[in-house]
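User: I want to go through the pockets, the cavity and the ligand site, with each term held to its cut-offs. Can we start once the structure is up?

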Amino acid sequence: MKTKDKVLAFLEKNKGTYISGTKIAEAIEVSRNSVWKAIKQLELDGFEIDAITNKGYCLSENSDQLSAIGIIENISIPELNNQIIFYDVIDSTNKRAKELAAEGAIHGTLVVANEQTDGKGRYGRSFESPKNTGVYMSLIIRPQELTYNEPTTVTAYAAVVVSNVIEELTGKKIGIKWVNDLFYNEKKICGILTEAVTDFESGQIEWIVLGIGLNISTSDTVFSEEVKQKAGSIFKENEISINRNKLVATLLEELLTAHKELSITDLMARYKEKSIVLNKNVMIQQGQESYKVKVIDIDDQGQLIIETQSGNRKKFSSGEIRI
Ligand code: BTN
């Protein structure tokens, strides 16, 4: 581990407490001067480190700089520590995760970034991913390791787990808009993009990349005019937010373990409980056409059962709906 990472790991463990440079140097077995240099580098990287003469250094309790070390400090399953690949800036974590999956990366490998310059959304759209206030992460899933292996079910699973984790950590009520957008206060605060590759010969899914983009404390002034109309954020600008490292660590652990106790029937029951479209009138978009329907049910494959205005019932499995 580099000295900078060792110092950061030490400060993360002792967040909110002042510790002298000498003590840090002793604890991580490097020179006092290397600690000083590492602190300067960390400050340049954006970490809020207070320094007081005779007291030492302290990583501010409110520090919310996303980092691999910060995520690892919050993880309780040690085997996951080696599977986190962090970028301060990247074009798209899904793109990088797909490359890694194709090279054989193991189930549970996580690519996470503080900012994306070319974040991808569904239907070829872009996903605006400004720095410091969101979380952009892509998890590599080998379907044989999961209870479910259909991408649609994996997407529903992700929507349920991510909304549960946000609710538990923030106390805010999150709704799911079919198929996989998470909403808070009538605005989209999270998008999920599932991409899968199937083995040509066996027809089996080789891997799935689960991309999750979350606006945590993003001010709507940074979004484009178009996105601003629909996108929101879990926290308002002046509200105290949650620690993003803890959020990523919890999401990773839950996504990799919650399925063990969640049958497809239970999963879809939870999905329906959180749905903001069930029993509602919505607009269905199919190609250029859009028409009004009522959502009657959501089946175990994640398909909508809709009723048209003329009273016909149909299944609707892919496309967009507007509420
Ligand atoms: C959507 O709303 O259409 C899905 C958005 C998914 C965005 C996430 S951010 C992390 C990952 N990397 C990407 O390029 N996209 C997904």
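User: How do the residues of the lining of the second largest pocket divide into nonpolar, polar and charged?

Analyst: They divide into 10 nonpolar, two polar and six charged. Ala, Val, Leu, Ile, Met, Phe, Trp, Tyr, Cys and Pro count as nonpolar, Asp, Glu, Lys and Arg as charged, and the others, Gly among them, as polar. The model is predicted: local features need pLDDT of at least 70, side-chain atom pairs count only at pLDDT 80 or more, and totals for chains, interfaces and linings use all residues. Residues are numbered from 1 along each chain as its sequence is written, and side-chain values use heavy atoms, without hydrogens and water.

User: What makes the second largest pocket a pocket, and which residues are closest to its centre?

Analyst: On a 1 Å grid over the protein atoms alone, a pocket is an open set of points with protein on both sides within 12 Å along at least five of seven lines. Lining residues have an atom within 4 Å of a point. The second largest pocket has a volume of about 400 Å³. Its lining holds 18 residues, and D5, L8, S67, A68 and I69 are the closest to its centre. α1 (3-13) and α4 (68-73) each supply at least two lining residues. Helices (H or I, at least four residues) and strands (E, at least two) are DSSP runs, numbered from the N terminus.

User: What is the volume of the largest pocket, and which residues are closest to its centre?

Analyst: The volume is about 1000 Å³. Of its 39 lining residues, R125, S126, D181, K188 and K230 are the closest to the centre. Elements giving two or more residues to this lining include α5 (93-102), β8 (187-198) and β9 (205-215). By class, the lining has 12 nonpolar, 15 polar and 12 charged residues. A volume is the space filled by probe spheres set on the grid points, which are joined across faces, edges and corners.

User: Why is the ligand said to sit in the largest pocket?

Analyst: A molecule sits in a pocket if more than half of its atoms lie within 2 Å of the pocket's grid points. The ligand meets that test for the largest pocket.

User: Which residues are closest to the ligand, and what makes a contact polar?

Analyst: The shell has 19 residues, each with a heavy atom within 4 Å of the ligand. S92, Q116, K120, R122 and K188 are the closest. A polar contact is a pair of N or O atoms within 3.5 Å. A polar side-chain atom of K188 lies 2.5 Å from a ligand oxygen, and a backbone N or O atom of R122 lies 2.7 Å from one. For N94, a backbone N or O atom lies 3.3 Å from a ligand nitrogen. These three distances therefore fall within the 3.5 Å limit. β8 gives the largest share of the shell, four residues.

User: Why is the space lined by R122 and W178 called a cavity?

Analyst: A cavity is a set of points where a 1.4 Å probe fits but cannot get out. One cavity of 30 Å³ or more is found in the whole structure. About 30 Å³ of space lies in the largest cavity. Its lining is R122, K177, W178, V179, D181, G319, E320 and I321.

User: What is notable about the peptide bond between W178 and V179, and about phi of N54?

Analyst: The bond is cis, with omega about 10°. Phi of N54 is near 70°, a positive value in a residue other than glycine. Most residues other than glycine have a negative phi, and most peptide bonds are trans. V179 lies in the loop between β6 (175-177) and β7.

Notes: A polar contact is a pair of N or O atoms within 3.5 Å; within protein, one must be able to donate a hydrogen and the other to accept it, and residues adjacent in sequence count only if both atoms are side-chain atoms.
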